[in-house]
Amino acid sequence: MITVNHLSRVYGETTVVDDVSFSVRPGRTTGFVGANGAGKTTTMRMIMGVLAPSAGEVLWNDAPITAQDRRAFGYMPEERGLYPRSPIGEQLRYFARLHGMSAARATERVDELLEHFSLADRADDILDALSLGNQQRVQIAASLVHEPSALILDEPFSGLDPVAVDTMVDLLAREAADLPLLFSSHQLDLVERLCDDLIVLSAGRVVASGSVEELRSRGADRYRVEFASSDAAWLRDVRGLDVLDVDGTTALVDLEGLDATELTRLVVERAPVVEVARARPPLSEIFREVTR
Amino acid sequence: MSTTDTTPSTPAWRLVAENEVRTVLRRKSFLITTAISVLVIVVGIVAAGYFADRPQDRTVAVVDDPAAQVVESAEQVGQATNDRLTIEVLRVDDTAAAERAVTDGDADAALLSTDPGFEIVGDDGVPSELAGALTAAASTTALQSNAAEAGVDLADLEQGTEVPERLLDANEDDGLGTATGFVFIIVFFLIAISSGMMIAGAVAQEKESRVVEILAATVPIRDLLWGKIAGHTVIAVGQVVLYLAAGALGLAVSGIDAGLERVGGAIAWYVVFFVLGFMALASLWAVAGALASRQQDLQSTTAPAQALLFIPYFAFFFGNSTVQEVVSMSPIVSAMVMPARMAQEAVPLWQTAVAIAGTVVAMVLIIRVAARVYERTLLRTGDKISYREALTMSAD
């Protein structure tokens with residue numbers, strides 16, 4: 001488990017990361033979201049040790065993290081980087097060995113990953129000879145090549161087409177299912193689809209964190225009401241309700257004082273009802289709310 | 001967690017060094033340059049040996065016996081200073097036939113009896129070594145017959161005419177030492193510059209391509225620096241040894257006796273100095289790469305390292321012996337100049353010791369400072385960093 005404890009980073013007068021604390025648990029895909037400049041990349045770089053924190057600490061399995069611990073992590077920096085003029089197989093083997101793998105195992109593992117990415121026949125091509133999509137795959141392979149103990153991925157899906165995203169999601173599910181995995185992203189629909197846990201950063205501070213379910217239910221108590229034929233507009237006049245939207249026979253309401261049973265009784269008495277259902281707000285709305 | 005490799009893994013600096021060597025050896029320009037250099041060395045020495053060592057077979061046309069005798073003694077005279085010279089006698093019937101033999105190229109010259117002596121006949125010129133030998137032999141023959149006629153013993157006459165030479169400094173250089181020193185400096189200079197630019201270029205490329213962030217997140221930055229220094233030192237020393245071997249091969253093939261045993265000691269010292277000097281310089285070149293953000297910045301950031309190479313270069317070729325002596329004992333630059341001096345003259349042991357000690361101390365200091373600067377600048381991109389800024393930068 002990766003634990004971030006009161007981490008801060010100050011550049012001159014500016015505090016980029018401000019007293020940030022959270023954990024990334026094994027087997028939990030943890031999304032790291034926030035607007036540009038919220039401090040996601042800075043936090044990730046401090047976790048990886050390429051940037052020293054101004055204050056706070058990073059723990060690995062409850063002990064202060066060491067260089068040896070980090071050597072076993074997989075990292076994909078925001079600014080991608082590989083050797084443009086080296087054959088991809090060779091540089092992946094080099095990375096695997098830098099991470100501490102034996103030469104024989106590194107060779108095996110690289111072959112396996114390239115096979116999975118359908119790049120086996122390109123192993124001897126230099127990176128620059130590959131298409132951008134394939135270069136991105138090699139980048140991902142570089143973070144997975146040493147069978148990491150944890151994964152820190154900064155915007156891993158940016159620049160990928162939907163098919164490539166699916167391939168990558170499959171791969172992560174296969175390779176990193178049991179690992180602590182922290183990834184940052186702007187694509188909230190993806191985060192919603194993939195994440196178990198979520199950390200929302202705004203202006204360097206954690207404004208929300210927890211499991212996705214928890215966060216979503218923490219939003220307003222919202223229901224969708226659909227009548228068989230009558231207009232739903234009358235709900236606007238009911239006390240204890242905040243009507244967000246009315247569209248013909250359906251309405252979206254937040255309960256404010258009324259509870260769910262009372263709402264159900266109320267609408268059933270009034271007109272034939274098709275459905276009264278709880279409506280979870282989408283992540284994007286939670287995101288907007290907490291970062292407001 | 002997922003991998004528990006129980007075998008101790010290879011140290012990171014060695015992996016980095018191996019990767020550097022692999023990358024350089026894959027570069028076509030490097031392989032071609034090195035191959036051409038080896039070829040130039042071997043062919044150059046063999047060609048020089050061939051032209052210097054070619055037997056000089058000369059033929060001289062003569063008509064009568066006296067001339068034939070002169071030619072025979074001319075061969076002995078000539079061989080005293082030039083053991084590759086042989087002179088053959090070509091008997092012809094008369095002067096006209098002798099002249100024809102010269103014009104047709106059957107003989108290099110003709111020696112004709114005249115009264116009272118001899119004349120040398122050539123076509124458009126007489127090879128100098130032949131003319132010298134014939135003239136000396138002919139005049140001695142004439143001198144002998146004149147002396148006999150006058151009733152004088154030639155041996156008495158020659159008494160005291162020979163002036164022997166006595167050298168006070170037997171160490172005096174005959175050109176071999178100077179030539180060796182020259183080669184030492186040039187080879188050091190060329191290899192250090194080309195390897196240095198490769199180091200700086202490799203570091204700058206890792207920054208430019210941003211791969212450095214993955215590397216720095218994986219292994220200590222110090223290991224990255226050490227690996228670079230080690231890898232490129234291996235390559236550079238390999239080049240020096242290869243060039244020395246090519247030189248030795250060239251000498252062996254051409255059979256030149258270059259007196260290698262006389263400069264052998266200097267060559268051994270050269271390799272020692274090269275390793276020490278190169279490692280110190282290599283760390284400077286690596287820093288030059290770390291200060292650059294793009295390849296274009298290298299021109300200015302590599303200036304100090306280049307200057308360190310130019311100083312001994314100029315000191316050796318343009319400085320007087322005092323300047324050479326001082327430079328040969330100064331840290332780092334001594335690596336170039338000291339072995340060159342050693343090839344030329346006997347250098348007091350204490351001076352060699354000063355040069356080595358100074359270079360080792362400087363190397364340790366430079367690598368320490370370089371490691372600090374490297375750690376602070378490697379991950380900073382966007383703009384070129386000045387040396388002043390790099391040295392005062394806070395740890396990050």
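**Figure 1. Chain A at a glance, with 10 helices and 14 strands**. This is a predicted model, so please read every value below as computed from it. Along its principal axes, the C-alpha atoms of chain A fill a box of roughly 75 × 45 × 30 Å. Of the 292 residues in chain A, 40% are buried. Among contacts in chain A with a separation of 6 or more, 67% join residues 24 or more positions apart.

**Figure 2. Helix H1 of chain A, residues 40-48**. Is this helix enclosed or open? H1(A) is largely enclosed by the rest of the structure, because 9 of its 9 residues are buried. The buried residues include a charged pair of names you may want to find, A:Lys40 and A:Arg45. Alongside them are A:Thr41, A:Thr42 and A:Thr43, then A:Met44, A:Met46, A:Ile47 and A:Met48. Just past the end of H1(A) comes A:Gly49, with a positive phi of about 80 degrees.

**Figure 3. Where H3 of chain A packs against H1 of chain B**. Two packed helices are described by the angle between their axes and the distance between the axes. Here, residues 88-98 of chain A and residues 12-26 of chain B form the two helices, which pack at about 165 degrees with axes 10 Å apart. That angle makes H3(A) roughly antiparallel to H1(B). The crossing is left-handed. From H3(A), the contact uses A:Tyr94, A:Arg97 and A:Leu98, while H1(B) supplies B:Ala12, B:Leu15 and B:Asn19. Sorted by class, these are 4 nonpolar, 1 polar and 1 charged residues.

**Figure 4. The side of chain B that touches chain A**. How many residues of each chain are in contact? There are 24 from chain B and 28 from chain A. On the chain B side, the elements giving two or more residues are H1 and helix H8 (211-218). H8(B) provides the largest share, with 7 residues. By class, this side of chain B has 11 nonpolar, 9 polar and 4 charged residues.

**Figure 5. Nonpolar cores, with B:Ala286 in view**. The largest nonpolar core has 139 residues, and A:Ile152 and B:Ala286 have the most contacts inside it. Helix H10 of chain B (residues 260-291) gives the most to this core, namely 18 residues. Leaving aside residues up to four places away in sequence, B:Ala286 touches B:Ile199, B:Val203, B:Leu225, B:Lys228, B:Ile229, B:Ala370 and B:Tyr374. A second, separate core has 24 residues, including B:Ala67, B:Ala107, B:Phe118 and B:Val126.

**Figure 6. Helices H3 and H5 of chain B crossing**. The axes of H3(B) (residues 65-81) and H5(B) (residues 128-150) come within 8 Å and cross at roughly 120 degrees. That makes H3(B) oblique to H5(B). The crossing is right-handed. On H3(B), look for B:Val70, B:Ser73, B:Ala74, B:Val77 and B:Gly78. Their partners in H5(B) include B:Glu129, B:Leu134, B:Ala137 and B:Thr141. The contact has 8 nonpolar, 3 polar and 1 charged residues.

**Figure 7. B:Leu39 in helix H2 of chain B**. Helix H2 spans residues 28-53. Is B:Leu39 buried or exposed? B:Leu39 is exposed, because just 11 other C-beta atoms lie within 10 Å, and a residue with 12 or fewer counts as exposed. B:Gly250 is 211 residues away from B:Leu39 in sequence, yet their C-alpha atoms are 9.6 Å apart in space.

Methods
Residues are numbered from 1 along each chain as its sequence is written. Chains are lettered from A and ligands numbered from 1 in the order in which they are written. This is a predicted model: local features need pLDDT of at least 70, side-chain atom pairs count only at pLDDT 80 or more; totals for chains, interfaces and linings use all residues. Axes are lines fitted to C-alpha atoms, for helices over the stretch in contact, and angles run from 0 to 180 degrees between N-to-C directions. Helices (H or I, at least four residues) and strands (E, at least two) are DSSP runs, numbered from the N terminus. Angles under 35 degrees count as roughly parallel, over 145 as roughly antiparallel, 65 to 115 as roughly perpendicular and the rest as oblique. A crossing is left-handed if the near helix is turned anticlockwise from the far one by less than a right angle, and right-handed if clockwise. Two residues are in contact if their C-beta atoms, placed from the backbone, lie within 7 Å. Ala, Val, Leu, Ile, Met, Phe, Trp, Tyr, Cys and Pro count as nonpolar, Asp, Glu, Lys and Arg as charged, and the others, Gly among them, as polar. A nonpolar core is a set of buried Ala, Val, Leu, Ile, Met, Phe, Trp, Tyr and Cys residues joined through C-beta atoms within 7 Å. A residue is buried if 20 or more other C-beta atoms lie within 10 Å of its own, exposed if 12 or fewer, and partly exposed in between; C-beta atoms are placed from the backbone.
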